[in-house]
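Trainee: I am new to this structure and would be grateful for a close look at one part of it. Please take me through the place where the two chains meet, together with the residues that lie behind it.

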Amino acid sequence: MTDEHESKVDVAFLWDLSSPQWSRRRFLQTMAFMGAAGFLGVGCGSDDGDDKSAGPEAKQLNFYNWTDYIAEDTIPGFTKKTGIKVTYDNYSSNDDLFAKLRQGSAGYDLIVPTDNFVVKMIEADLLEPLDLGMIPNRKNLDARFQDADYDPGNKYSIPWQWGTTGIGYDPEEVGEEVDDWDALMLPSVRNRSSFLDEARDAFGMALYAVGMDPNSTDEADIEEAQKYLISLKKQVKQITSDYQDPLKSGGLIMAQAYSGDVFQVQAENESVRYVIPKSGAFQWVDAACVPKGAEHPKNAHAFLNYILEPKVGAALTNYVQYGTPNKAALPFVDPEVKDDPLKTPPEDILSKLVFQAPLGEKELVIADAWTKVKTS
Amino acid sequence: MTRRRKLRDGAKAHGLLAPTTAWLVAFLLIPLVIIIWYSVGTRGIIDPVRHPGGKLNWSNYGDALNPSFLPIFLRTVAYAALTTVGCLAIGFPLAYAIARFGGRWKNLLLGLVILPFWTSYLVRMYAWRFILDDNGLANTVLGAVGLGSEHRFTNTHWAVVVGLVYGFLPFMVLPLYASLERMDFRLIEAAYDLGSERMSTFLRVTLRTSLPGVVAGVLLVFIPALGDFVTPQLLGGSRTQTFGSTIQDQFGQGQNWPLGSAMAVLLMSFILIGVFIYAWRVGEDAL
């Protein structure tokens, strides 16, 4: 080998600008282009509006919410009314949110965990108690959300939206109308269905399917539900919480799904239906809380009071298609939402809906059973 | 005099190494110690890892070695091995062609190989999903040319391997190219002149010369492929769980950080031992 060859080692070619075609400038231009092209897929980051000044709060609110979970005019309306600028970020799992919070204040003033995680966060001392005097609109809440088991008296949380966990499916593709959890075992949906990648939701479904209490922690019950899930796993295409696009495009024809998600799919694929299984289903509510160490708690309270205004709450529900906990908002909710028994369930269906009970240490029994299902 | 000089040189060397040392301590040693510390902890609901009374809980390693994880582990090794073979099969001819025939386009061609890196891995895997889906691009194109549009690509083992090969190809091409670029191609002519066959020329000249690149490429592809959990999640189905996704699950829905940490430590040890054996058998001088 010649010296010339020796000199070009390993990745040195990246900086080898000696060849005439690659003037430094053009190289840099190309790099810049590639960089820009790469960022197109990443989406835009948030602008970090932290203001650490003491005294009265800066006109800033850092809001951390689920994806696709707010109306287009909710934030602009708040900013217009109060002059408070809102930085809006998204997450897609309670686990991520919990982990982030546990590492210390993540810089957010408002978060929206699901009811069972509200319980965990209260136990872990991660939430700031609310000053209900600053939220007079709390009186607009439906009574069952003012004194719910997960947070009696709204000490830590104001409900955002509520919904149910049922089945989304395409009756034409399935070949029939279905009304209960055993539908996922139908031969016609084999390899074209999915269930949620959430331990409690999956076990709730399985416990219903084998005729048990969805909140059971009895070991024999859990074992039977685990067996059911292992056999169901062989039948489904995926265990996923990311079912919206496939349900829309036909990649999945049946999925264990959250109500509002399916209604959003319906807007683009009219043949998709949602059903609350007749043997029963989980209901849940996402509730807005102020994490410990929030820098703008007063602004967060102002926002909570704002979202409870009848028209603001109604606009939110009309957009995201989930149920509103805001009774005063109902007159302003679109008839398609208000008169649909699936979106606003009547009393007889409501009575069959169950919240996920906080299980404490017993939750680990389900976590272990879930690992066995996933690794079977 | 000499002794003092030696001391001074020693101190100087340490001083020069300080940034590297600091970096290794901060980003390698400390995280490693934390993972090992977690792996001997006890799980909890509120605190994911506890060490009640400072007691070390070694049972997590027993749980991690549970035979029920073996099929998943073997599947993961199979994915990583197929990925490595696939990357080598595509990467070698590619790197060879660029190194030998690229001429003045060499940098551009290599730039094109690296180009996908400027996009997030997640986005690229979603793109594959778009291509391979039941109603995706692949089925549309195959249907249009009369080969049927009902193929099932996603949620199969092959979809996962295709995604991994695509994702890790640059890791194979770059070291291969670096080796082949330095190769003196006149050696091939010389081999032919001396009566060598095509195959033996390839094996004894081309491959032999580029062995350092092959060794580096195999390691750079195999190791990350072994730990990958994103690809099976996006392209795989309910039967493509890997060891990496099992570890990830322990930090999420499985709620067992100590077990996840023990599994991670075991996987790391397995890789380390494997690399030592590999380096010793295949490439002691190649590395």
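Mentor: A term is needed before we begin: a salt bridge is a side-chain nitrogen of Lys or Arg within 4 Å of a carboxyl oxygen of Asp or Glu. Please also bear in mind that this is a predicted model.

With that term in hand, consider A:Lys374, whose salt bridge with A:Asp197 brings the closest N and O atoms to 3.0 Å from each other. A:Lys374 belongs to helix 16 (residues 363-375) of chain A, while A:Asp197 sits in the loop between strand 5 (193-195) and helix 8 (199-209) of that chain, so the pair ties together parts that are 177 residues apart in sequence. A:Lys374 counts as buried, at 7% relative accessibility. A network of salt bridges links A:Asp197, A:Lys374 and B:Asp249.

B:Asp249 leads us to B:Gln241, since a polar contact of 3.5 Å joins the side chains of these two residues. B:Gln241 is located in the loop between helix 11 (230-235) and helix 12 of chain B, and it is buried, with a relative accessible area of 10%. Leaving aside residues up to four places away in sequence, B:Gln241 touches A:Lys374 and A:Thr375 as well as B:Ile72, B:Arg75, B:Thr246 and B:Asp249.

From B:Gln241 we may turn to B:Thr76. Their C-alpha atoms are separated by 8.2 Å, although the two residues are 165 residues apart along the chain. B:Thr76 is part of helix 3 (residues 70-101) of chain B and is buried, its relative accessible area being 2%. Its side chain reaches the backbone oxygen of B:Ile72 at 2.7 Å. With residues up to four places away in sequence again set aside, B:Thr76 touches B:Leu226, B:Thr242 and B:Phe243.

Let us now consider the interface as a whole. Chain B contributes 47 residues to the contact and chain A contributes 51 residues. About 4,200 Å² is buried between chain B and chain A, and carbon and sulfur atoms give 51% of that area. B:Ile45, B:Arg182 and B:Gln253 supply 19% of the area that chain B buries against chain A, more than any other three residues.

How many salt bridges does the rule find across the interface of chain B and chain A? There are four across this interface. A:Asp368 forms a salt bridge with B:Arg43, in which the closest N and O atoms are 3.0 Å apart. Between chain B and chain A, 19 residue pairs are in polar contact, both residues being at pLDDT 80 or more. On the side of chain B that touches chain A, helix 4 (106-114), helix 5 (121-132), helix 7 (157-182) and helix 12 (243-250) each supply at least two residues. By class, this side of chain B has 17 nonpolar, 20 polar and ten charged residues.

Two of the helices just named are also joined within chain B. The side chains of B:Glu181 and B:Lys106 meet in a salt bridge of 2.9 Å, N to O. B:Glu181 lies in helix 7 of chain B and B:Lys106 in helix 4 of chain B, so this pair ties together parts that are 75 residues apart in sequence. B:Glu181 is buried, with a relative accessible area of 12%.

Methods:
Residues are numbered from 1 along each chain as its sequence is written. Chains are lettered from A and ligands numbered from 1 in the order in which they are written. This is a predicted model: local features need pLDDT of at least 70, side-chain atom pairs count only at pLDDT 80 or more; totals for chains, interfaces and linings use all residues. Side-chain values use heavy atoms; hydrogens and water are left out. Contact means heavy atoms within 4.5 Å. Buried area is the accessible area (1.4 Å probe) that two parts lose on being put together, summed over both. A polar contact is a pair of N or O atoms within 3.5 Å; within protein, one must be able to donate a hydrogen and the other to accept it, and residues adjacent in sequence count only if both atoms are side-chain atoms. Helices (H or I, at least four residues) and strands (E, at least two) are DSSP runs, numbered from the N terminus. Ala, Val, Leu, Ile, Met, Phe, Trp, Tyr, Cys and Pro count as nonpolar, Asp, Glu, Lys and Arg as charged, and the others, Gly among them, as polar. Buried means under 20% relative accessible area, exposed over 50%, partly exposed in between (1.4 Å probe, protein chains only).
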